[in-house]
Each structure stands twice: as structure tokens, then as C-alpha cells.
Protein chains: 2
Amino acid sequence: MRLDERKFMILQAIIDDYITTAMPVGSRTISRKSGVGFSPATIRNEMSDLEELGYLDQPHTSAGRVPSVKAYRLYVDHLMKAARLSGEEKKRMQEHLNRRSDQVESVIRSAASVLSDATRYTSVIVAPKLGSLRIKHVQLVPVAERTALIIIVTNAGIVKDAVIHIPEGLDADHLYNISRTLTEKLADKPLDAVRQTFAEMLRDAESNRRLLGDALNAIEQKLGGQDALDVVIGGGANLLNYPEYSDVEKAKSFFAVLESKDKIRKLVSRGGGMEVTIRIGPENGVPELEDCSIVTASYRVGDDAGGTLGIIGPTRMNYNRVISVLDFMGRALSEALSDRK
Amino acid sequence: MRLDERKFMILQAIIDDYITTAMPVGSRTISRKSGVGFSPATIRNEMSDLEELGYLDQPHTSAGRVPSVKAYRLYVDHLMKAARLSGEEKKRMQEHLNRRSDQVESVIRSAASVLSDATRYTSVIVAPKLGSLRIKHVQLVPVAERTALIIIVTNAGIVKDAVIHIPEGLDADHLYNISRTLTEKLADKPLDAVRQTFAEMLRDAESNRRLLGDALNAIEQKLGGQDALDVVIGGGANLLNYPEYSDVEKAKSFFAVLESKDKIRKLVSRGGGMEVTIRIGPENGVPELEDCSIVTASYRVGDDAGGTLGIIGPTRMNYNRVISVLDFMGRALSEALSDRK
DNA sequence: GTTAGCACTCAACACTGTCGAGTGCTAACG
DNA sequence: CGTTAGCACTCGACAGTGTTGAGTGCTAAC
């Protein structure tokens, strides 16, 4: 038995219907649809075939049918027609995104909320690994008696800074000199290499040990520690709008997953490339979310570092729309984060 | 009819029981409690009196009784004995809070999560109004061809910075001079006055118009715009653990309130002072949350600016513990934010 | 003043029958 | 031979029913 034209059509109709209603769909419903010229009985026969082929599941004997993971896969890979976002919508997203575009972190936060608002699902954005950005220059600026700001400027134009303590008696000139040395030593090195280079400097330089140590700590904390933005989630409560989560227990376990960075990271560990990746149901590898799908795309910062943005929703999500939104936002985000000189 | 000793005791027992079980409590339950030497029948008589006095409600004829708002009020104002946090617990909270103490924003975020973890309710922290902090000095640092970092140091040691665009051809010396001028003009003025002073400078200074305008925009955005941290919420999903929210609709409306900054702000608009404020049920003024209580305390940054921290939970929340946690965290947070030289 | 006894109330629960949506199968139709 | 009408069957949803148990209020006795 093969999937002929008509089976495709019927399957598509079932999926479309199920995506909007979340109710098992019966033969009558399909038969009534415009564009389908067959009686319920015929549809039933076809549905029976589709079930045998593994594209449909039946919750129980006298219920309608529900698309299986296999069906969604087929749908996503072959049946789906790409949705176009209206220009107006694109514009609106852009605006909401651009409004705050000073720090990487706040751009990402706003992107997450734009994503979840636009899709009505839950969004996840993993911050870029900034480690591969290269340092352009480093500067120490005195701010108070024994405090300075260390500023690191990278090739992507992103600035990281941190407040550090400095030994007494270091005046602006001193700091300026140290800055020059630091810049010389660090220029063109990736941020990842800061630790090592600092360590070397600590070994060599007798004086200013304290200063260098503090600076190193501060920077490390910014880049890789608690302070570094990691994964941002938007619209967690959105999923409560779907009947799949009308059970509080389910909702709770969903929120529990959202709070576990490990699981989130696992969820969005991406397939690579700028392409949109779709993981349907159990494919996502997190058992608690086996009836969720996750769609991810990626974005870049400058030419090196990149991160992932994604949408988590029920398996019957509107893949169509989600894909276009992610695709668009991936580009928009890359632009917002890279074009900052 | 007056509230005698025994009525107090019984009321207290009822409240205690209800707070832990969330089930209407009957006369038998109270009678069985150690320390109560009366039969259910006697308790019933007393409960009947208490109901008449407005301290108890009866969901329906043959159910147990439930404390009324008036009862909680009495409990909170007179019956409750202050809980002591164990040293161990205090230490744990301190540690979780202190771990990241570089930027105001991240300290507040971590405080929110400490609060919600410690209480198992939802926490809200309103960021301090930084506008009343006074400027100590201002500095422009070149970071790239046409970009500079503007750094504002305040008397509380808090540093705000923003990336701005600068006109071509301004070298480090120029910027240094401008910084000096800015510092002179702005020193000792509150951040709130920046706008006005800048405006004056814009009028006077013929050159560097662009630069000043950009700087003003950037700073404004940082202080009062989208970028300024406003209100942070922690543990929103915590409330799902309580039977009060086993209904998804209720949970949804709760989350809706959490997403509305206006309502949150209304919720935590504080009664003033370092004192802990308690609003029970409808007292909080937000109809959607009429069966939630909110307990707030405040914290300070330096000597001027202050913010509010609070806990939202069901009316039958563990006021006792919540109050001690808030009190402790209020101090801890003030300390963490002020002691930063 | 306290308590035992008793009739009463009401939510929760399990059970039952009905209804309707949906199915599979078979036979008839074009 | 594909399509369709007809029919028996299945099963969840729902409403109605009786039972149980927790809890109450009242009264009379201690």
C-alpha cells in the first residue's frame, strides 16, 4: 500500500484540523471540508489505511483519529507549504526587537518576548558563546579611590565591562599604561584565551599581581560565570492556553523542565547550520516533554559566535508559522547583534 | 460577645491547621490537637461564635470552617509569633545572594530567585529608583572609530554605562576634556537632573551637539527606559504547587497578572518604612488576586534610593516564615547593593 | 459550663442508563 | 472496481441516583 495523492490530501486535512481544534478528527469532519468530494465512508477506508501505515493513531475505538509523530514528520518535510509573514507583522517584530539594542543581554531578552508573543508558544534563546570573539582592546578606567572599570572591546563591537578593585595609589596614568600593555598582549586573541594570557602575565609581572588577579576574576565571571546570560525563556505561561496543558500536573512538569537549564540546553542543542531544525515529540530527547515539539534556528554574532533560538509548543503546533517566525527572527537577531559599530 | 482567651486559642489552631492543609477544618480536628482539652461539641459552640464574629467562614453547611480575611488580619497583627530563621538557612540565602554582586540588576535577579526558593511562593522585586543617587563623575572612553562608552559613577558606587556614537575625529584627548567638563557640570547632581543639565549644555555648547544628544539618550534609556530593570519576578510557577491553583483558569489569570507590570506595581506600592507590610486577600486591591496575599518589605541602595521586595502567595500563606525571610532578605539586599566601594 | 446524642446537610463518589460521535464491515450501486 | 449507504458496535461524556462520611446545630443530661 502506498501513499497516493488522495491519502496525502486526507492526511493533510486531518493534520490541519487537529492543529486548530486539538480534538480527534472523524471522517465526517473531513468529508464536509470543501475540496474533499468523498463521503465519510470512503474517508474512513482511507483513514483506516493511514492508520495501518502508521500515520494516524486512534485514542480509543470510537474516537476520531489523531496524527502520529510520523505524520507530523511527513507534514513538516513534505506537505507543509511555507507561510509568508505579512510585511506588517515583520515590521512589528522588528520594532519590538530594536527598541532596546544596547546590550547583548537585553536584546536577547526582548527577542525572547517577541518570539513568544508572535507565536503564542514558549520561546527559548541560548546566548551566544562569546568566547570566540576576538579582543580589540582593553581599558582600565578609574571610577573611585580603589575601584576601576575594566572594559573589553571585541571585534564584533560588543563591550564587556566589570568593576574591579585596584591597589591603592594607582592613578589614571598608571592605569592607562597598564591598559596599553593589556591591549598589546591581548589584542586579536579570542576571549577564551584571556585566562591563559592573564595567567602568564601573573607569572611574569611581579607588580600589580592583585590588580591582574581581580581583573581576571571579574572578566571570567562576566564571560562564563553566573553573570553570563545563559538561556532566556519567554512566554512560559503561554502553553497554559492549550488544552494539552489543562492538567495542572502537566503544566507543573513543564515548568519544572523550563527551570532546569540542563534539560533546556539538551532541548536546543542544535543540528547545525542556519537551517531550521524541527524535533517532534519524543525526538526532542527529553521524556517529560514527549508531547512537545521544539523548533530551533540559529543566529550569529559578528562572524564567529552564534547561539540558538527556539520555540517549544505542543506537537500539534503550527509548524508553518513557527518556522517562518523563527527564520525571520534568526536573521533579525543576527543583524541586531552584529551591526553595532 | 468578646474574644476571650479560649476563642483566641481555637482560632489560632484553626488558622494553623488551615495554613498547612488547605482543607476546611472541623471541630473534631481541633479537639484532637494536643493542648486543647475540649470535646468537639464545645469547640463547635466556640466556632459558631467565631463565625458570628466574622472570623470564620463556612463554605457550605456541612463543611468545616475556613478563616476569613478578618481572621488572618487578627492572626498577623496579634496571634502570630515571630519565626526565627536558622543560622544555617540565613547562611544559605546569603551565599546564594552574594555569589553575583557586580551589577545591580543581577543582584536583584538572584535575590528574587532566593526569595522564591526560600518561601516556595512567588517573589517580586521592584528595582530601586536610581534617580536620586548623585553623580560623582562622568567619563567617556573611546572604544572604536566612532563609538565610545559613557560611564557614570554615582555616590553609592553604582556604575551605569552605555555605548554611544560619537562624531568622527574625536580622539582620546578630546573625549577626556569633554569628560572633565561633564563631570564638573554634573557632579553632585542627582541622576534625575541629568536630562535638564544636558539640555542646558545642548543649548549652550555649539559644538559636540550630536555627541551630547546621543549621550543623553543613552543615559536616559538606561535609567528610565526599556533598558532599566523594572520589576523582577521569581518562582512564578511555585504557586502551581498549591491546591488553590489546581484550576488552570486560575493559574492562567495569575500569570496574566504577573505579566502586567502595572498591576504588579500596584500590588507592591508600599506602605513606607523598612517595616514589613501585609495585604491580605482583597486588601491588595487587585481583583484578580483577591485570594492572594502579598507581603512586602523594602530595601535601600546607599542612603537615598530604595526599592521593594515582596512575596505573593495564597491568603493561607505561612505569614510567619514569609515575614522573617523578607525581613532578612531586605537587609541582606540593602547590604549587597550599598556596600560596593 | 461541658458533653453526649441525634437528626440533618451536603460534597464526594461510585454506579447506571442514555446519547451521540465515531468506527468497521458488508452489500449494493454506477 | 471504486464508492457509498446502511447497520451494528464501541466508548466517552453526561446526567441522574443512592450511599457514605465528615461536619454541623440543637437539646438534654451531667
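Me: How far does a polar side-chain atom of Thr61(B) lie from a phosphate oxygen of DNA strand C?
Reply: The model is predicted: local features need pLDDT of at least 70, side-chain atom pairs count only at pLDDT 80 or more, and totals for chains, interfaces and linings use all residues. Residues are numbered from 1 along each chain as its sequence is written, chains are lettered from A and ligands numbered from 1 in the order in which they are written, and side-chain values use heavy atoms, without hydrogens and water. Thr61(B) is among the residues closest to DNA strand C. The distance from its polar side-chain atom to a phosphate oxygen of the strand is 3.0 Å.

Me: Which side chain has an N or O atom 3.4 Å from a sugar or linking oxygen of DNA strand C?
Reply: Another side chain, that of Arg6(B), has an N or O atom 3.0 Å from a phosphate oxygen of DNA strand C. The sugar or linking oxygen at 3.4 Å is paired with the side chain of His60(B).

Me: How many residues surround DNA strand C?
Reply: A residue is near the strand if one of its heavy atoms lies within 4 Å of it. The closest are Ser27(A), Arg65(A), Thr42(B), Thr61(B) and Ser62(B), and the surrounding residues number 20. Of the atoms of DNA strand C that come within 4 Å of the protein, the share due to sugar and phosphate is 75%. The residues divide into 4 nonpolar, 12 polar and 4 charged, and the count of residues around the strand is 20.

Me: Which helix supplies the largest share of the surface near DNA strand C?
Reply: Helices are DSSP runs (H or I, at least four residues), as strands are (E, at least two), numbered from the N terminus. Helix 3 of chain A and helix 3 of chain B each supply at least two residues of this surface. The largest share, 4 residues, belongs to helix 3 of chain B.

Me: Which helix gives the largest share of the surface near DNA strand D?
Reply: Helix 3 (40-52) of chain A and helix 3 (40-52) of chain B each supply at least two residues here. By class, this surface has 4 nonpolar, 12 polar and 4 charged residues. The largest share, 4 residues, is that of helix 3 of chain A.

Me: Which side chain has an N or O atom 3.5 Å from a base oxygen of DNA strand D?
Reply: The side chain of Arg6(A) places a polar atom 2.9 Å from a phosphate oxygen of DNA strand D. His60(A) has a side-chain N or O atom 3.5 Å from a sugar or linking oxygen of that strand. The base oxygen is paired with the side chain of Arg44(A).

Me: Within what arc do the buried residues of helix 7 of chain A fall?
Reply: Helix 7 (residues 172-186) of chain A has 15 residues and reaches 20 Å from its first C-alpha to its last, close to the 21 Å expected at 1.5 Å a residue. Its buried residues (under 20% relative accessible area, with exposed over 50% and partly exposed in between; 1.4 Å probe, protein chains only) are Leu175(A), Ile178(A), Ser179(A), Leu182(A), Thr183(A) and Leu186(A). They line one face of the helix, because seen down its axis they fall within an arc of 140 degrees.

Me: Which residue takes a positive phi just after helix 7 of chain A?
Reply: On the other side of this helix, Asp173(A) and Glu184(A) are exposed. Just after the helix, a positive phi of about 75 degrees is taken by Asp188(A).

Me: How many residues apart in sequence are the parts that Asp230(A) and Arg265(A) tie together?
Reply: The two side chains meet in a salt bridge (3.4 Å, N to O), that is, a side-chain nitrogen of Lys or Arg within 4 Å of a carboxyl oxygen of Asp or Glu. Asp230(A) is partly exposed at 28% relative accessibility, and Arg265(A) is partly exposed at 37%. Asp230(A) lies in the loop between helix 9 (209-224) and strand 7 (231-234) of chain A and Arg265(A) in helix 11 (residues 261-268), so the separation of the parts tied together is 35 residues.

Me: What is the N to O distance in the salt bridge of Glu283(B) and Arg73(B)?
Reply: Glu283(B) sits in the loop between strand 8 (277-279) and strand 9 (292-300) of chain B and Arg73(B) in helix 4 (residues 69-79), 210 residues apart. Glu283(B) is partly exposed at 34% relative accessibility, and Arg73(B) at 24%. Their side chains meet at 2.6 Å.

Me: Is Glu89(B) buried or exposed?
Reply: Glu89(B) forms a salt bridge with Arg92(B), with the closest N and O atoms 3.9 Å apart. The two are separated by about one helical turn, because they are 3 residues apart in helix 5 (residues 87-98) of chain B. Arg92(B) is partly exposed at 42%, whereas Glu89(B), with a relative accessible area of 14%, is buried.

Definitions and conventions: A polar contact is a pair of N or O atoms within 3.5 Å; within protein, one must be able to donate a hydrogen and the other to accept it, and residues adjacent in sequence count only if both atoms are side-chain atoms. Ala, Val, Leu, Ile, Met, Phe, Trp, Tyr, Cys and Pro count as nonpolar, Asp, Glu, Lys and Arg as charged, and the others, Gly among them, as polar. The expected span of a helix is 1.5 Å times one less than its number of residues. The arc is that of the directions from the helix axis to the C-beta atoms.
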